[in-house]
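Reader: I'm new to reading protein models, and I keep tripping over the vocabulary. Could you walk me through this one and tell me what stands behind each label?

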Amino acid sequence: MLFRSAEREDVPFVASLVFDTDPSHFKRAFGWKANKYVSGLVLLNSPLNIRHITVCEVSGQPVAIYALYSMKEMNQLASSKPNLRDFVPSLSKFRLLLEFRTLQKAMRMSISSNQSYLGIISVERNFRNMGLARMIFDYLFETCQEIVLDVSRSNSRALSIYIRYGFRPETRLPRDYPLKDSIRLKSTRKTTG
C-alpha cells in the first residue's frame with residue numbers, strides 16, 4: 001500500500017469518503033447538497049482540508065483515506081480564523097460555517113505531546129473487508145507512539161473494528177471534551193517508533 005498526501009484532484013474521492021463516515025450527520029448539516037458542501041470543507045482551511053488527508057493507494061488506485069494530527073497541528077487548527085469570504089451569505093454557506101466551527105471545536109480537545117489524533121479513517125466501500133484497514137493501522141502503529149480517536153457511541157461497527165485493532169476506551173477524558181455522544185479511544189499497542 002502506498003501512502004501519499006492528498007492533492008486537489010483527489011477532492012471528489014476524499015469528499016465521498018468523508019461523507020461516508022457519517023452520512024446522516026452531513027445530510028442533517030447540509031441537506032440534499034451534502035456531498036457538494038463536504039467537498040467545500042475539504043477545500044477550506046478546515047481540519048478536513050486535503051493538506052491534512054493522506055490517501056492510501058493499491059496498484060495506483062485510491063482506496064482509503066486518513067487524517068492524523070499532532071498536538072501542535074490540532075492547536076493551530078483550533079485557533080485558525082476562517083476566511084469569511086468563503087461563506088458568502090446564504091443558508092447553505094451558513095451551514096458550512098457551522099460545520100467548520102464544529103470541526104474546529106473538535107481540534108480543541110486535549111491530547112498529550114506523545115499522542116496523535118486520528119480524525120478520520122475511511123475505506124472505499126468496494127474495498128472493505130479486504131484487510132486494508134489493518135494495513136493502515138499497522139502503518140500508523142509503526143509511526144505513532146500512541147493514537148487517540150473519537151467515535152460515536154451509536155457506531156457499533158466502527159467501535160468493534162477499533163477494539164479489534166487494540167483501542168480501548170479512555171478512562172480520563174479531558175475537561176474540554178465536547179463530544180457528549182462520542183467515546184474517546186486510545187491505542188493500547190505501544191510502539192518503539
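Reader: Why is Asp-10 called buried?

Author: This is a predicted model, and the label comes from a computed area. Asp-10 has a relative accessible area of 6%. Buried means under 20%, so Asp-10 gets that label.

Reader: And where does Asp-10 lie?

Author: In the loop between β1 (2-5) and α1 (11-21). Leaving out residues up to four places away in sequence, Asp-10 touches Arg-4, Ser-5 and Val-55.

Reader: What makes the pair Asp-10 and Arg-4 a salt bridge?

Author: Their side chains meet at 2.7 Å, N to O. A salt bridge needs a side-chain nitrogen of Lys or Arg within 4 Å of a carboxyl oxygen of Asp or Glu, so this Arg and Asp pair qualifies. The 2.7 Å between these side chains is a polar contact too, since the limit there is 3.5 Å.

Reader: What is Arg-4 linked to in the network of salt bridges?

Author: The network links Arg-4, Asp-10 and Glu-57. The side chains of Glu-57 and Arg-4 meet at 2.6 Å, N to O. Glu-57 sits in strand β2 and Arg-4 in strand β1, so this pair ties together parts that are 53 residues apart in sequence. Glu-57 comes out at 12% relative accessibility, so Glu-57 is buried.

Reader: How many salt bridges are there by this rule?

Author: Five. One of them joins Asp-20 and Arg-128, with the closest N and O atoms 2.6 Å apart. That pair links distant parts of the chain: Asp-20 is in helix α1, while Arg-128 is in the loop between β4 and α6 (132-143), 108 residues away.

Reader: Which label does each partner get, buried or partly exposed?

Author: Asp-20 has a relative accessible area of 15%, so Asp-20 is buried. Arg-128 is at 23%. Partly exposed runs between 20% and 50%, so Arg-128 counts as partly exposed.

Reader: Why is α1 described as largely enclosed by the rest of the structure?

Author: Because eight of its eleven residues are buried. Among them are Phe-13, Leu-17, Phe-19 and Asp-20. The cover over the buried residues of α1 includes α2 (23-30), α3 (34-43), β2, β3 (61-69) and β4 (115-123).

Reader: Let's try a residue in β4. Why is Gln-115 called buried?

Author: Same sort of check: Gln-115 lies in strand β4, and its relative accessible area is 10%. The cut-off is under 20%, so Gln-115 is buried.

Reader: What makes Gln-115 and Glu-146 a polar contact?

Author: Their side chains are joined at 2.7 Å. The pair of N or O atoms has to be within 3.5 Å, with one able to donate a hydrogen and the other to accept it, so this pair fits. Leaving aside neighbours within four places in sequence, Gln-115 is also in contact with Met-71, Val-148, Glu-170 and Lys-186.

Reader: Which residue is 47 places along the chain from Ala-6, with C-alpha atoms 5.6 Å apart?

Author: Ile-53. Ala-6 is in the loop between β1 and α1, and at 11% relative accessibility Ala-6 counts as buried. Besides Ile-53, Ala-6 touches Val-14, Ile-50 and Val-55, not counting residues up to four places away.

Reader: How many disulfides does a search of the whole structure find?

Author: Zero. To count, two cysteine sulfur atoms would have to be within 2.5 Å. As for individual cysteines, Cys-56 has a relative accessible area of 0% and Cys-144 is at 5%, so both are buried.

Reader: What about the surface: which residues make the nonpolar patch of about 210 Å²?

Author: Met-1, Val-58 and Met-135. Val-58 is in strand β2. A patch residue needs over 30% relative accessible area; Val-58 has 32%, so it passes, and it counts as partly exposed.

Reader: And what does the whole protein come to in secondary structure?

Author: Seven helices and seven strands. Buried residues make up 47% of the 193 residues. The protein exposes about 10,600 Å², with carbon and sulfur atoms supplying 52% of that.

Technical notes: Residues numbered from 1 in each chain as written. Predicted model: local features only at pLDDT ≥ 70, side-chain atom pairs only at ≥ 80, totals over all residues. Heavy atoms only, no water. Helix = DSSP H or I, 4+ residues; strand = E, 2+ residues; numbered from the N terminus. Contact = heavy atoms within 4.5 Å. Patch = residues over 30% accessible without salt bridge, like charges linked within 9 Å, V, L, I, M, F, W, Y side chains within 5 Å. Areas by Shrake-Rupley, 256 points an atom, 1.4 Å probe, with all protein chains shown as cover. Buried < 20%, exposed > 50% of the residue type's maximum accessible area, 1.4 Å probe, protein only.
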